[in-house]
Amino acid sequence: MKSISTIFLSLLVSFAALAQNDSPYKTSLKVDGPIILGGLGLGYLGVNMIKNKASLTTAGVLAKSPDNVNGFDRFSAGNFSKKADKDSYVPFYASFAAPIVMLLNKNEIKKAGQIVVLFTEAMAITGAMFSISAGAIQRSRPLVYGSAAPMEKRMDKDSQRSFYAGHTAATATATFFLAKVFQDFNPDSKAKHFVWAAAALVPASVGYLRLRGGQHFLSDNLIGYALGAGVGILVPQLHKKVGTNNFSL
């Protein structure tokens with residue numbers, strides 16, 4: 001018997017497929033359903049890999065030195081700020097309102113189901129990529145390399161998954177998705193340049209705060225930003241109907 005989530009997803013994608021007239025996108029259950037389910041499944045696998053990561057011993061923490069960090073990232077080794085970490089969640093959570101903001105526009109609200117399917121697909125892909133990477137790659141967060149953070153936090157297994165920046169990636173996916181879909185539905189809108197600017201700035205602010213908080217190195221954030229933005233743009237782009245593949249800003 002199908003799980004409730006699978007049935008719900010089938011209904012959602014099917015509903016989206018019925019709303020394709022006058023939309024720049026094409027969605028289908030047989031294509032988008034497996035992609036979303038696959039992304040969610042890999043994400044679940046990645047989360048379990050993260051949970052099973054080993055903590056550092058006291059000796060392991062004390063052996064960590066900024067000199068062991070590559071020259072590009074060394075400037076942030078030892079960073080730690082509870083406030084910056086907490087503040088990073090404000091733009092992070094706000095970015096998930098992207099579909100709701102999108103549906104305030106009269107052109108998009110008629111295609112609500114389709115937009116939600118595409119957004120779910122984009123976030124599932126980003127979540128899978130991040131969680132598998134964070135679970136498979138051992139890299140201590142910047143806070144491990146200094147004495148500002150409590151020893152128990154430096155030893156915690158959660159502090160051993162710096163690569164790559166998941167908050168930055170997820171935020172970039174959400175905001176760049178919003179900008180891409182807005183442009184595709186409103187190609188002649190004068191507001192689209194401001195929407196793209198906001199899409200770029202919000203995840204950048206998350207990355208900056210994660211850097212200040214000692215959660216991620218600069219390279220972690222740059223990679224997370226690039227991958228997240230890429231998914232946010234490519235998922236809508238790859239669903240565009242034939243003859244609507246223009247990509248002008």
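Student: How many aromatic pairs does a search of the whole structure find?

Tutor: Rings of Phe, Tyr and Trp (its six-membered ring) pair if their centres lie within 6.5 Å. This is a predicted model, in which local features need pLDDT of at least 70 and side-chain atom pairs count only at pLDDT 80 or more, while totals for chains, interfaces and linings use all residues. Residues are numbered from 1 along each chain as its sequence is written, and side-chain values use heavy atoms, leaving out hydrogens and water. The search of the whole structure gives a count of aromatic pairs equal to 11.

Student: Which kind of aromatic pair do Y25 and F185 form?

Tutor: Planes under 30 degrees apart count as stacked, over 60 as edge-to-face and the rest as tilted. For Y25 and F185 the distance is 5.8 Å centre to centre, with 70 degrees between the planes. The pair is therefore edge-to-face.

Student: How many residues apart are Y25 and F185?

Tutor: Helices (H or I, at least four residues) are DSSP runs, numbered from the N terminus. Y25 lies in the loop between helix 1 (4-18) and helix 2 (29-51), whereas F185 lies in helix 9 (residues 166-185). The pair links distant parts of the chain, and its separation in residues is 160.

Student: Is Y93 buried or exposed?

Tutor: Buried means under 20% relative accessible area, exposed over 50%, and partly exposed in between (1.4 Å probe, protein chains only). Y25, at 0%, is buried. Y93 has a relative accessible area of 52%, so Y93 counts as exposed.

Conventions:
Helix = DSSP H or I, 4+ residues; strand = E, 2+ residues; numbered from the N terminus.
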